[in-house]
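Student: Could you take me through this structure step by step, with the terms explained as they come up?

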Amino acid sequence: MDYHLHSQHSFDGKSTLSAICNSAVNKGIKEVCFTEHFSVDPEVPTYGYLDFHKYFSEIDECKNKYSKNLIIRKGVEICEPHLNSKKLQQTLKDKDLDFIIGSVHNIDKLKLRNYIKNKNNFEAYKGYFKEVYNAVSLGDMDILGHLDLLKRYAYNDLGNYIFPKFEDILTKILKKLIERNIGLELNTSGLRSDVKEIFPSVHVLKLYKNLGGEIITIGSDSHSSELIGEGFKLGINILKSCDFKYVFTFEKRKPNAVKI
Ligand SMILES: [Zn+2]
Ligand SMILES: [Zn+2]
């Protein structure tokens, strides 16, 4: 399955839902969950782009067209789920979603690539992880998206982060996830970035497992149809090496374990 996908219903997506479903079937993927960007904050780029009515009616068309060979779930990826959380809840409560990813894409209204300007490695990652902690403490989500995403933007100028330096704050984040019954995403898009590493790193996945974390989803975060399922063989092998036995799918925001 692929549980992180963007189509033309996201401001930065390139493919139609149908093209993505077609690609999934060709690659032998059995289940997809679309997770289009959504925000209620007028100051972020994704605001006002997603038309739920159109999105859901196209999903229904795909469900009919691919009913024999593909399970299709409807989700969203929310920017900064801890901000405007009342408005978000209000907007999403009647949408009958299967899955919500909570992600930090902006800090203090700045895109991450701008947020890191004039910061050193420690300041940048510390600020980012603090924001993620706020997101998982307050936001309504099923899964935390691409924890440690900042390394994609920081890698070339500030480098990757040294895990032991941030183990305390990462432990706080992961404990909060477990306490609130929120899962963690293994996102393979990092393999396609300069850092060439999954989000989050193996150290973080192992820490999550050691703390008692179980709920993991896997997603390519692809913005075009040919990238669906990219890096999943490696991703699944990494999960197995960390002793995870399952990845999860979601239906109406309820997790289902699938053996790996
Ligand atoms: Zn994202
Ligand atoms: Zn995404």
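Tutor: Helices (H or I, at least four residues) and strands (E, at least two) are DSSP runs, numbered from the N terminus. This is a predicted model, in which local features need pLDDT of at least 70 and side-chain atom pairs count only at pLDDT 80 or more, while totals for chains, interfaces and linings use all residues. Residues are numbered from 1 along each chain as its sequence is written, chains are lettered from A and ligands numbered from 1 in the order in which they are written, and side-chain values use heavy atoms, with hydrogens and water left out.

Student: In which loop is Lys 196 found?

Tutor: Phi of Lys 196 is near 50 degrees, a positive value in a residue other than glycine. Lys 196 is exposed, with a relative accessible area of 58%, where exposed means over 50%, buried under 20% and partly exposed in between (1.4 Å probe, protein chains only). Its place is the loop between β8 and α8.

Student: Which peptide bond is cis, with omega near -10 degrees?

Tutor: Pro 200 lies in the loop between β8 (183-187) and α8 (202-210). The cis bond is the one that runs from Phe 199 to Pro 200.

Student: Is His 146 buried or exposed?

Tutor: His 146 is found in the loop between β7 (143-144) and α6, and its phi, near 25 degrees, is positive although the residue is not glycine. With a relative accessible area of 2%, His 146 is buried.

Student: How many helices and strands does the protein have?

Tutor: Along its principal axes the C-alpha trace spans about 50 × 40 × 35 Å, and of the 260 residues 55% count as buried. The protein has nine helices and 11 strands.

Student: Which residues lie nearest the centre of the largest pocket?

Tutor: A pocket is an open set of points on a 1 Å grid over the protein atoms alone, where a 1.4 Å probe fits, with protein on both sides within 12 Å along at least five of seven lines, and lining residues have an atom within 4 Å of a point. Helices and strands contribute to this lining, since β3 (71-79), α4 (112-115) and α6 (150-158) each supply at least two of its residues. The largest pocket is lined by 23 residues, and those nearest its centre are Asp 12, His 37, His 105, Arg 152 and Tyr 153.
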